[in-house]
Amino acid sequence: MKKRIGITCSEELQNDKYIHFIKQDYLQAIIAAQGIPVLLPPVPIEDIEMQLDMIDGLMIIGGCDVNPLLYHENPLPLLGETDYPRDLYEIALIKKATQKNIPIFGVCRGLQVINVAFGGTLYQDLSYAPQKILLHSQKERRECASHTINIQENSFLYPIFQDRGYVNSFHHQAIDHLGKGLKAVAYSEDQMIEAIEHISLPITAVQFHPEDMCKTDQKMQEIFNQFVAKC
């Protein structure tokens with residue numbers, strides 16, 4: 001029986017109204033993995049349980065920056081656009097899904113908001129990191145890799161890539177301090193965290209965008225295959 005995968009939506013303000021949308025590539029990756037996508041627009045916190053009752057797995061997708069007030073920091077000058085209501089919804093969604101032991105997979109912002117949900121912090125911009133940083137907002141096509149990552153053994157990515165992978169990159173924020181129970185399992189050459197997993201819960205996430213690369217790299221599709229199978 002195919003698994004129902006709840007996928008969060010991006011938001012954009014158009015003509016004084018918020019439009020909810022999702023890239024087709026996310027949907028295609030789940031469908032190719034034999035899952036059934038179920039779109040999850042933000043709802044009141046008290047209605048999240050009803051959303052979760054409809055799904056077998058949860059994917060948190062990319063989007064805008066996470067509001068730093070949620071990890072006890074004030075905004076710095078290079079912070080990008082934020083969406084506080086979306087943050088509150090997704091953090092509540094993650095926490096309630098965790099209580100139900102629903103597998104969770106995060107992509108880009110998804111990795112970051114998972115980290116914040118577990119009490120972690122972010123670099124509001126990569127320039128605030130103490131080390132010299134690579135280009136993480138690539139100028140290459142989205143389906144093409146732009147840098148390498150080093151992968152730890154016994155991680156969810158190791159059976160797919162072994163110890164080294166080639167990934168795309170579209171972010172200006174990254175994990176600073178890890179949230180409780182989370183561990184880093186892949187790093188870029190400049191030591192930015194590129195993938196995480198929970199030490200005991202079925203939660204995994206990547207900083208890159210595998211959905212954009214599925215058509216050109218079967219290994220990227222395998223990330224989604226692995227997630228759906230876990231559900």
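User: Why does Phe208 count as buried?

Analyst: In this predicted model, Phe208 has a relative accessibility of 0%. Buried means under 20%, so Phe208 counts as buried.

User: Where does Phe208 lie, and what is Phe208 in contact with?

Analyst: Phe208 lies in the loop between β13 and α6. Leaving aside neighbours within four places in sequence, its contacts are Val107, Cys108, Ile149, Val167, Asn168, Glu194, Met220 and Ile223. As for Asp65, that residue is 143 residues away from Phe208 in sequence, and the C-alpha atoms are 15 Å apart in space.

User: What makes Ile7 buried?

Analyst: Ile7 comes out at 0% relative accessibility. The cut-off is under 20%, so Ile7 counts as buried. Ile7 is found in strand β1. Not counting its neighbours within four places in sequence, Ile7 is in contact with Ile22, Leu27, Ile30, Pro37, Val38, Leu39, Leu40, Met59 and Ile61. Ile7 and Asn225 are 218 residues apart along the chain, with 15 Å between their C-alpha atoms.

User: How do you know that Gln112 is buried?

Analyst: Its relative accessible area is 4%, and buried means under 20%, so Gln112 is buried. Gln112 has its place in helix α4. Leaving out residues up to four places away in sequence, Gln112 touches Val66, Leu122, His171, Gln173, Ala174 and Gln207.

User: What makes α4 mostly covered?

Analyst: Count the buried residues: nine of the nine in α4 are buried. Among them are Arg109, Gly110, Asn115 and Ala117. Just after α4, Gly119 takes a positive phi of about 90°.

User: Which strands does α4 lie across?

Analyst: Helix α4 (residues 109-117) lies across β5, β6, β11, β12 and β13, and runs at about 120° to β6.

User: Why are α3 and α4 called roughly perpendicular?

Analyst: Their axes cross at roughly 70°. The roughly perpendicular class takes in 65 to 115 degrees, so α3 and α4 are roughly perpendicular to each other. The axes come within 9 Å.

User: Which residues make that contact between α3 and α4?

Analyst: On α3, they are Arg86, Asp87, Glu90, Ile91, Ile94 and Lys95, and on α4, Arg109, Val113, Ile114, Val116 and Ala117. By class, that gives six nonpolar, no polar and five charged residues.

User: Why are α1 and α6 called oblique?

Analyst: The axes of α1 (residues 24-32) and α6 (residues 218-230) cross at roughly 60°. Roughly parallel is under 35 degrees, and roughly perpendicular is 65 to 115. The crossing of roughly 60° falls in neither class, so α1 and α6 are oblique to each other. These axes come within 8 Å, and α1 passes α6 in a right-handed crossing.

User: Which residues of α1 and α6 make the contact?

Analyst: Ala29, Ile30 and Ala32 come from α1, and Gln221, Phe224, Asn225, Phe227 and Val228 from α6. By class, the contact of α1 with α6 has six nonpolar, two polar and no charged residues.

User: What makes β4 and β9 the edge strands?

Analyst: The open sheet has nine strands in the order β4-β1-β5-β6-β13-β12-β11-β8-β9, with mixed pairing. β4 (35-40) and β9 (164-167) each pair on one side only. Neighbouring strands of this sheet are turned by 25° against each other on average, direction ignored. Helix α3 (residues 84-99) packs on the sheet, touching β1, β4, β5, β6 and β13, and its direction makes about 155° with that of β5.

User: How do you know that β8 and β11 pair?

Analyst: Pairing needs at least two bridges. Three bridges join β8 (residues 147-151) to β11 (residues 182-188), so the pair passes. The two strands run antiparallel, and Asn150 has Tyr187 as its bridge partner in β11.

User: What about β2 and β3, over how many bridges do they pair?

Analyst: Five bridges, in the antiparallel sense, against the required at least two. One of the bridges puts Glu12 opposite Ile19, its partner in β3. β2 and β3 form a hairpin with two residues between them, and Asn15 in the turn has a positive phi of about 55°.

Conventions:
Residues numbered from 1 in each chain as written. Predicted model: local features only at pLDDT ≥ 70, side-chain atom pairs only at ≥ 80, totals over all residues. Heavy atoms only, no water. Helix = DSSP H or I, 4+ residues; strand = E, 2+ residues; numbered from the N terminus. Axes fitted to C-alpha atoms, helices over the stretch in contact; angles between N-to-C directions. Contact = heavy atoms within 4.5 Å. Parallel < 35°, antiparallel > 145°, perpendicular 65-115°, else oblique. Left-handed = near helix turned anticlockwise from the far one by under 90°. Nonpolar A, V, L, I, M, F, W, Y, C, P; charged D, E, K, R; others polar. Buried < 20%, exposed > 50% of the residue type's maximum accessible area, 1.4 Å probe, protein only.
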